[in-house]
Each structure stands twice: as structure tokens, then as C-alpha cells.
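Here is a short note for a colleague who is opening this structure for the first time. Please read the numbered points with the model in view.

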Amino acid sequence: LTLVPGGLVVQGLFTLADGALRRSLARLDDAGRLDPNWRARGLPCLDAGTCRAFALTSLADGSVLLCGNATDLGQPPSGGLIRLDPTGAYDPTWTP
């Protein structure tokens, strides 16, 4: 898990968070409730919930970096490191 402004992002082996479909990644607010506006998406493994991240961390703007095996992350151009913007969308323009 990693802290983001107003809450935290959690990653693990789950398909539901607070009763809503969220595969492997979810953002919770400060009270521990699911943020319905945040959804990890934009890469096949994010959409299917099969991304395997070894670590994640947040940046000051609320975006999240995921580090994992490039194969498990769907072979993005940045290799095993991807950035999700503050809404949870994959940012293909980001390069490490």
C-alpha cells in the first residue's frame, strides 16, 4: 500500500473492494471507503487485474508508480515500472 493525498492505494490478490469490482488495485479514502472515481486501467493487465507489482509508491501529485516484472505488467515501453495518473489511468507518456 502507499499513501496518496486523501487516502491510500492498496495492491493485492482481490477482486472486490468495499463491495465494488476492483481487481488487484484500489484507492481508499481517509475513512477507509473505496474511492469510486479511481480505477486502475489502460494496460491489459490493469484492466484484467493480473498485474503483479512488487512495490508501489505515490508521487506528490497523487499519481502512483508500480514496479514489477515487465512481463507481468504487459511489456510497457518503460519496462517493469509504470505510472498511473491521479485517476488510476496508465500514463504511456511517462518515462523513468
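**Notes on the model**

1. Start with a glycine. Gly80 sits in the loop between S7 and S8. Gly80 is partly exposed, because its relative accessible area is 22% and the buried class ends at under 20%. Ser63 is a useful reference point for Gly80. The two residues are 17 apart along the chain, and their C-alpha atoms are separated by 17 Å. Keep in mind throughout that this is a predicted model.

2. Now the overall plan. The chain has 1 helix and 8 strands. In sequence order the pattern reads β-β-β-β-β-α-β-β-β.

3. How does the radius of gyration of the chain agree with that of a compact globule? For 96 residues, such a globule would have a radius near 12 Å. The chain has 12 Å, so the two agree. Along the principal axes, the C-alpha atoms fill a box of roughly 35 × 25 × 20 Å.

4. Next, burial and surface. Of the 96 residues in the chain, 42% are buried. The chain exposes about 5,000 Å². Carbon and sulfur atoms supply 56% of that area.

5. Contacts along the sequence deserve a line. Take the contacts in the chain with a separation of 6 or more. Residues 24 or more positions apart account for 31% of them.

6. Turn to charge. The chain carries 8 positive and 9 negative side chains. The centres of these two sets lie 5 Å apart. Side chains of opposite charge can pair when their charged atoms come close. How many salt bridges does a search of the whole structure find? The search finds 4.

7. One of the salt bridges joins Asp61 and Arg83. Their closest N and O atoms are 2.9 Å apart. This pair links distant parts of the chain, with the two positions 22 residues apart in numbering. Asp61 is in the loop between strand S6 (53–58) and strand S7 (64–68). Arg83 is in strand S8 (residues 81–84). The two ends are set differently in the model: Asp61 is partly exposed at 45% relative accessible area, whereas Arg83 is buried at 11%.

8. Arg83 has another partner. Its side chain also meets that of Asp91 in a salt bridge, at 2.6 Å from N to O. Are Arg83 and Asp91 buried or exposed? Both are buried. Shared partners join Asp61, Arg83 and Asp91 into one network of salt bridges.

9. Elsewhere, Arg33 forms a salt bridge with Asp29. Here the closest N and O atoms are 3.4 Å apart.

10. Check the backbone at Asp18. Its phi is positive, about 55 degrees, although Asp18 is not a glycine. Asp18 lies in the loop between strand S3 (16–17) and strand S4 (20–21). The residue is exposed, since its relative accessible area is 58% and the exposed class begins at over 50%.

11. Ser24 also merits a look. Its phi is near 75 degrees, a positive value in a residue other than glycine. Ser24 is placed in the loop between S4 and strand S5 (25–29). Ser24 is buried, with a relative accessible area of 5%.

12. Ala26 lies in strand S5. Is Ala26 buried or exposed? With a relative accessible area of 0%, Ala26 is buried. Set aside the neighbours within four places in sequence. Ala26 is then in contact with Leu8, Val9, Val10, Phe14, Ala17, Leu34 and Trp38. Gly12 is 14 residues from Ala26 in sequence, and their C-alpha atoms are 9.1 Å apart in space.

13. End with another alanine. Ala60 lies in the loop between S6 and S7. At 80% relative accessibility, Ala60 counts as exposed. Val4 and Ala60 are 56 residues apart in sequence. In space, their C-alpha atoms are 7.7 Å apart.

Methods: Residues numbered from 1 in each chain as written. Predicted model: local features only at pLDDT ≥ 70, side-chain atom pairs only at ≥ 80, totals over all residues. Heavy atoms only, no water. Helix = DSSP H or I, 4+ residues; strand = E, 2+ residues; numbered from the N terminus. Buried < 20%, exposed > 50% of the residue type's maximum accessible area, 1.4 Å probe, protein only. Rg over C-alpha atoms; globule rule 2.2 N^0.38 Å. Contact = heavy atoms within 4.5 Å. Areas by Shrake-Rupley, 256 points an atom, 1.4 Å probe, with all protein chains shown as cover. Lys, Arg positive; Asp, Glu negative; His and termini not counted. Charge placed at Lys NZ, Arg CZ, Asp CG, Glu CD.
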